Amino acid sequence: AVEGTTSSGIAIYGGVDAGARGRGVVGVSGSSTAIEGNSTSGDAVYGVSKSGIGVHGKGGHLGGYFEGNVQITGDLSIQGVSIQAWLQRIITLENRANTLQSDVNALENRNG
């Protein structure tokens, strides 16, 4: 077990030389939280990558779980399709459903 505390700066640091392959910090657990981040006023977990993925989650049940509001400042894609395209599909389907309902109502009124 490793533990570190500090009043300012970095308490524990793990790094890999630039260009080398490896992981800076790894947490492994059989049945509990492997890595945990807690903060009173800052980011508890912060991921940044210049050319890769900032935060990657993969799970047997869920890849990610968020309690509370989520803010997205970039594009959102679901299974490779942008959320804007999904919304347009929904609007198109709603318009078709409304047209069909109007047609059904007109036929019912005509047939009495």
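## Burial and overall shape

Just 1% of the 112 residues in the protein chain count as buried. Keep in mind that this is a predicted model. The bar for burial here is a relative accessible area under 20%.

The overall dimensions are worth a look next to that figure. A compact globule of 112 residues would have a radius of gyration near 13 Å, whereas the protein chain comes out at 25 Å. Along its principal axes, the C-alpha trace spans about 80 × 30 × 30 Å.

## Surface and charge

About 10,800 Å² of the protein chain is exposed, and carbon and sulfur atoms supply 49% of that area.

On the charge side, there are 7 positive and 9 negative side chains. The centres of those two sets sit 13 Å apart.

## Secondary structure

There isn't a long list of elements to go through: the protein chain has one helix and two strands. Read along the sequence, they follow the pattern β-β-α. Strand β1 covers residues 77-78, and β2 covers 81-82.

## Around strand β1

Ile78 belongs to strand β1. How does its accessibility classify? Ile78 has 38% relative accessibility; since buried means under 20% and exposed means over 50%, that value makes it partly exposed.

Ile78 also takes part in a nonpolar patch on the surface, together with Phe66, Val70, Ile72 and Leu76. Taken together, the patch residues offer about 480 Å² of accessible area.

Now for Gln79, which is placed in the loop between β1 and β2. Which backbone angle stands out at Gln79? Its phi is positive, at about 50°, although Gln79 is not a glycine. If you're checking backbone torsions, that's the residue to look up. As for its surroundings, Gln79 has 78% relative accessibility, so it counts as exposed, the cut-off being over 50%.

## Ahead of the strands

Val28 lies in the segment before β1. Is Val28 buried or exposed? With a relative accessible area of 75%, Val28 is exposed, because that class takes in values over 50%.

Val28 can also be placed relative to Tyr13, which is 15 residues away along the chain. The C-alpha atoms of Val28 and Tyr13 are separated by 17 Å.

How values were computed: Residues numbered from 1 in each chain as written. Predicted model: local features only at pLDDT ≥ 70, side-chain atom pairs only at ≥ 80, totals over all residues. Heavy atoms only, no water. Patch = residues over 30% accessible without salt bridge, like charges linked within 9 Å, V, L, I, M, F, W, Y side chains within 5 Å. Areas by Shrake-Rupley, 256 points an atom, 1.4 Å probe, with all protein chains shown as cover. Salt bridge = Lys/Arg side-chain N within 4 Å of Asp/Glu carboxyl O. Helix = DSSP H or I, 4+ residues; strand = E, 2+ residues; numbered from the N terminus. Buried < 20%, exposed > 50% of the residue type's maximum accessible area, 1.4 Å probe, protein only. Rg over C-alpha atoms; globule rule 2.2 N^0.38 Å. Lys, Arg positive; Asp, Glu negative; His and termini not counted. Charge placed at Lys NZ, Arg CZ, Asp CG, Glu CD.
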